[in-house]
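Me: I have a model open and would like to learn how to read its packing and its charged pairs. Could you walk me through it?

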Amino acid sequence: MENNNSVYNFYENHFDEANRCSGNPLEFIRSQEIIQRFLTTSPMLIADIAGANGFYSFWLAEQGHQVHLLDLSDKHIEQARQRGQQSAVTLQSYNCGDARQLPWDGNTFDMVLLMGALYHLQEGSDRMQCIKECLRVLKPGGIAIFSYISRSASLVDGYKYQFINDPIFQRIVESDLQTGNHENPEGNPDYFTTAFFHSPSLIMQELQQSGFQGIRLFAVEGFASIIDTNEIMLAEDKKALLLKYLRLTEEFPELLGISSHLLAVAKKA
């Protein structure tokens with residue numbers, strides 16, 4: 001992975017992925033909702049690729065699915081191992097590795113989750129290799145779910161959290177919007193690490209070129225990306241109403257690009 005060292009260092013030493021959404025879990029609630037629709041009642045064999053410390057892996061394993069976890073970060077894999085040792089639920093395997101070169105045979109999995117690797121691959125050839133590896137290890141008819149950061153994410157966050165007042169962040173936003181390449185030259189952990197931010201059209205283009213079919217795009221936070229949802233998420237009635245409207249608008253083409261995160265769901269023929 002290009003910029004391997006900066007990405008690895010960010011997650012190893014500067015960022016607490018385990019508690020990322022403990023304050024406001026909207027992204028995870030919405031992602032789980034969408035993934036849940038494509039699960040079967042019978043146990044599935046699932047690969048959670050670039051799955052960090054196994055947030056989705058353990059959630060799926062708790063439902064009876066057989067999950068293999070892979071992540072670039074040694075810290076994340078060790079955290080997942082420890083959780084497995086301390087829990088009644090464990091995973092099938094814990095693998096430290098590169099999402100572009102998966103350790104599994106072809107036609108193995110019923111479902112593949114790729115919930116982070118495409119954030120950090122700035123070269124199109126690397127992203128295509130990563131996507132094609134997901135296609136390779138899926139069984140025919142298998143489902144792949146890909147997570148993306150939106151091209152507009154820095155712009156929205158910049159105004160929401162007042163980062164936009166920093167000239168350095170202004171330059172980051174301009175690069176993100178023009179090229180999708182997110183660079184953080186000063187290493188400010190609040191400004192994320194080396195990354196690539198997608199437009200909806202580019203997501204469709206890459207998945208179609210890789211051979212996936214039946215592609216659907218979902219806005220994760222949707223219009224809620226541009227508002228402060230902290231208080232809303234603390235009140236059950238307000239949270240329920242917000243989730244209702246996010247479901248109603250999640251596939252509106254005119255709202256996809258404003259969502260901080262997007263999920264693509266696609267099938268192997």
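**Packing and charged pairs**

Reply: Happy to, and keep in mind that this is a predicted model. Start with Leu 114: leaving aside residues up to four places away in sequence, Leu 114 touches Ile 49, Ala 99, Cys 130, Cys 134, Ile 145, Phe 146 and Ser 147.

Me: Which residues have the most contacts inside the largest nonpolar core?

Reply: They are Ile 49, Leu 114, Phe 146, Leu 207 and Phe 212, in a core of 33 residues. Elements giving two or more residues to this core include strand E1 (45-49), strand E4 (109-114) and helix H5 (124-137). H5 gives the most, with five residues. Apart from this core lies another, of 27 residues, among them Leu 39, Leu 69, Tyr 94 and Ile 143.

Me: Now the charges. How should I read a salt bridge?

Reply: The general idea is that side chains of opposite charge can pair when their charged atoms come close. Here, Glu 33 and Arg 247 meet in a salt bridge at 2.6 Å, N to O. Glu 33 is in helix H2 and Arg 247 in helix H10, 214 residues apart.

Me: Is Glu 33 buried or exposed?

Reply: Glu 33 counts as buried because its relative accessibility is 19%, and the cut-off for buried is under 20%. Arg 247, at 38%, counts as partly exposed.

Me: Which residues are linked with these two in a network of salt bridges?

Reply: The network links Arg 30, Glu 33, Arg 37, Arg 247 and Glu 250. Within it, the side chains of Arg 37 and Glu 250 meet at 2.6 Å, N to O. Arg 37 lies in the loop between H2 and E1 and Glu 250 in the loop between H10 and helix H11, so this pair ties together parts 213 residues apart in sequence.

Conventions
Residues are numbered from 1 along each chain as its sequence is written. This is a predicted model: local features need pLDDT of at least 70, side-chain atom pairs count only at pLDDT 80 or more; totals for chains, interfaces and linings use all residues. Side-chain values use heavy atoms; hydrogens and water are left out. A nonpolar core is a set of buried Ala, Val, Leu, Ile, Met, Phe, Trp, Tyr and Cys residues joined through side-chain atoms within 4.5 Å. Buried means under 20% relative accessible area, exposed over 50%, partly exposed in between (1.4 Å probe, protein chains only). Helices (H or I, at least four residues) and strands (E, at least two) are DSSP runs, numbered from the N terminus. Contact means heavy atoms within 4.5 Å. A salt bridge is a side-chain nitrogen of Lys or Arg within 4 Å of a carboxyl oxygen of Asp or Glu.
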